[in-house]
Structure formats: C-alpha cells, structure tokens
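I opened my notebook to look for empty space in this model, then for a few contacts. Here are my entries, in the order I made them.

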Amino acid sequence: MGVLNVTPDSFSDGGRFLDPESAYARMREIARQGAAICDVGAESTRPGAVPVPLEEELRRLAPVFSLVRERGLPLPLSVDTSKAPVAAVALEAGAVLVNDVTAGRGDPALLPLVAERGAALCLMHMRGDPRTMQDDPRYGDVVAEVRDFLAARLEEALAAGVREERVLLDPGIGFGKTLEHNLALLAGLPALAALGRPLVVGVSRKGMIGALTGRATGDRLAGSLAAALAAVARGAAVVRAHDVRETVDALAVWSAVQGGT
Ligand code: HH2
C-alpha cells in the first residue's frame, strides 16, 4: 500500500502533493513502482496534528478524485479518512477501501456508508487522538488490549452491515504507543492475525525507526524496510509504505527466499 498525503503537514511527504496534478502524477508513479493499492489522505495524523475540518479535507481531496474520475484509476485506491462525506467522494470516484484510523469511532455515518457501498474497510487501533496520543501512553498488556479493541471494532463494523471478508485490521504503529509498545505489537502480530482478518502494518519512516536508528525522517529507508519485512514475517498481509519501489523489491526478494511467490 503506497502512501499519498495531500496535506501541507504530513510528517514525511507533507506539502509535496497538494496540487491535484502532482497528486495524480504520484498515484501513477506509485502504480508503476508496483504497489497493489494507493492510500490517499488529506488529514495528517502525526503526533500533535490538529484535526482538519471537513470542508478543508474535501477542498484538498475533491479535485484529486475529480481527476481520477476524468482520467481513470491509475491503480486501486484507498482513502485515509474518518469522515463519511470524504469517504463518499472517494468511493464515487472508484476507491475500493476506506482506511479509518479511528476504526469507525470518528463519524457514526462512516460504517453504514462502507456497508451500503460494499467497500473494504481498514480498522486501526489508536489510543486517544493525534493531538495527545503520545503523552505518556500506558497499557497493561498492549497486545491483548489492541487485540480486544480490534475485535470489538470488527463486531461494530459487522453490526453496521460491513461484510467480514471486506475488513482489514491494523495495530496502529505509533498511534498512542511508546517504542516498547510498538515492538511488542510487531512481535505480537500472530495474536492479532488470530482474529482472522488480514493485517495492515504501517511502520514506514515512523518515529520508532528514528528511535532505533537515530536517523531523521527522510533517512529511515533501511530501517523501514527491515521493520516491514519483520512485520510480514509475523503475519502482516499489507505493508503501508512511502518508499514503494524499495519496499516492493525487498518483499519480492524476501518472499522468494522464503519459498513464496
Ligand atoms: N499511519 C499513518 C496514517 N494512516 N493508516 C493505517 N491504517 N495505518 C498506519 O500505520 C497509518 C495510517 C501515518 O503516516 P502518514 O500518512 O505518512 O503521515 P501523516 O499522518 O502525517 O499524514
């Protein structure tokens, strides 16, 4: 899953794709580089980020999805939003997946919309909200708590009419977690996979890579690849990444060596 942030302030690609033409060009590049899907978002959820009002999120994304309608889908698209009206615009343009970092808690209209449109849904774990989530997060057993949260959100989505085979789950690396919590969750992915749904993992360029390597955001490729491979080795089905070409190559070699395809 290649990342495309149509934002001025995302932690790694903020400001680069605000113009709809450059966003569309980036989608095409992400397709050429071998991603299966491109996750398009217009609200940064980095630690400390302030919420983006609906009108602003639509103002950023609607022209991008207009271009998609006009010129066609360069590859399958996902929309990274917690707001039903934003998801609706993306689904109208042909997006197939709604990636909600609030797991359906942000907008009560989101799960019914996904159900009605028959779209796929990614439910992610987050403790608190981006503004405050990194203020001393604490867990008893982080893997068990994230598993129970995801199980409960999955139930909620099914109750809203979302089809189980369309749901993906994500432990939300860096969303209200210390380095130790993130490492425990990556080690504990098999316990989350036991919920029976494919797992999405996003580690690309995140703070945990910086903490482990001492590298700045733009210099975390090697660390991100190592974390992505470790996640897949423990059962992640989808890797959310900024460096698509390199991640696709790393996964191709890793899976060939594993005897996969
Ligand atoms: N991470 C980010 C955003 N959305 N969605 C899922 N499912 N999983 C993740 O780990 C995840 C996510 C944060 O990364 P990015 O989009 O690059 O940054 P920002 O939130 O600053 O736009």
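Which helix gives the most to the lining of the largest cavity? I looked it up, keeping in mind that this is a predicted model. Helix 9 comes out on top, with four residues.

**Entry 1: the cavities**

I searched the whole structure and got two cavities of 30 Å³ or more. The largest holds about 50 Å³ of space. I wrote down its lining from the N-terminal side: Val203 and Ser204, then Leu221, Ser224, Leu225 and Ala228, then Val239, Arg240, Ala241, Asp243 and Thr247. Besides helix 9 (221-233), strand 8 (236-240) also supplies at least two residues of that lining. I sorted the lining by class and got six nonpolar, three polar and two charged residues.

The second largest cavity comes to about 40 Å³. I found Glu43, Thr45, Asp80, Thr81, Ser82 and Val101 around it. By class that lining has one nonpolar residue, three polar and two charged.

**Entry 2: the largest pocket**

Next I went to the open spaces. The largest pocket has about 530 Å³ of space. I count 32 lining residues there, and those closest to the pocket's centre are Phe11, Arg46, Ile173, Phe175 and Lys206. Which helix has the largest share of this lining? I get helix 8, with three residues. Helix 8 (207-213) and helix 6 (179-187) each supply at least two. I split the whole lining by class into 11 nonpolar, 14 polar and seven charged residues.

**Entry 3: the second largest pocket**

I put the space in the second largest pocket at about 350 Å³. Of its 20 lining residues, Met1, Ala36, Ala237, Val238 and Val239 sit closest to the centre. Strand 8 turns up again, since I find that strand 8 and helix 10 (244-257) each supply at least two residues here. How many charged residues does this lining have? I found no charged residues at all, with 17 nonpolar and three polar making up the rest. I also noted that Val239 is on two of my lists: it lines the largest cavity, and it is among the residues closest to the centre of this pocket.

**Entry 4: salt bridges**

I counted 18 salt bridges. One I looked at pairs the side chains of Arg46 and Asp9, at 3.1 Å from N to O. This pair links distant parts of the chain, 37 residues apart. Arg46 sits in the loop between strand 2 (38-41) and helix 2, while Asp9 is in the loop between strand 1 (2-5) and helix 1 (20-32). I had already met Arg46 as one of the residues closest to the centre of the largest pocket.

**Entry 5: helix 2 against helix 3**

Last, I checked how two helices pack. Helix 2 (residues 54-71) and helix 3 (residues 84-92) have axes 9 Å apart, at an angle of about 5 degrees. Why do I call helix 2 roughly parallel to helix 3? Because angles under 35 degrees count as roughly parallel, helix 2 is roughly parallel to helix 3.

I then listed who meets whom. From helix 2 I have Leu54, Glu57, Leu58, Leu61, Ala62, Phe65 and Arg69. On the helix 3 side they meet Pro85, Val86, Val89, Ala90 and Glu92. By class, I get nine nonpolar, three charged and no polar residues for this contact.

Notes: Residues are numbered from 1 along each chain as its sequence is written. This is a predicted model: local features need pLDDT of at least 70, side-chain atom pairs count only at pLDDT 80 or more; totals for chains, interfaces and linings use all residues. Side-chain values use heavy atoms; hydrogens and water are left out. Axes are lines fitted to C-alpha atoms, for helices over the stretch in contact, and angles run from 0 to 180 degrees between N-to-C directions. Angles under 35 degrees count as roughly parallel, over 145 as roughly antiparallel, 65 to 115 as roughly perpendicular and the rest as oblique. Contact means heavy atoms within 4.5 Å. Ala, Val, Leu, Ile, Met, Phe, Trp, Tyr, Cys and Pro count as nonpolar, Asp, Glu, Lys and Arg as charged, and the others, Gly among them, as polar. On a 1 Å grid over the protein atoms alone, a cavity is a set of points where a 1.4 Å probe fits but cannot get out, and a pocket is an open set with protein on both sides within 12 Å along at least five of seven lines; lining residues have an atom within 4 Å of a point. Grid points are joined across faces, edges and corners, and a volume is the space filled by probe spheres set on the points. A salt bridge is a side-chain nitrogen of Lys or Arg within 4 Å of a carboxyl oxygen of Asp or Glu.
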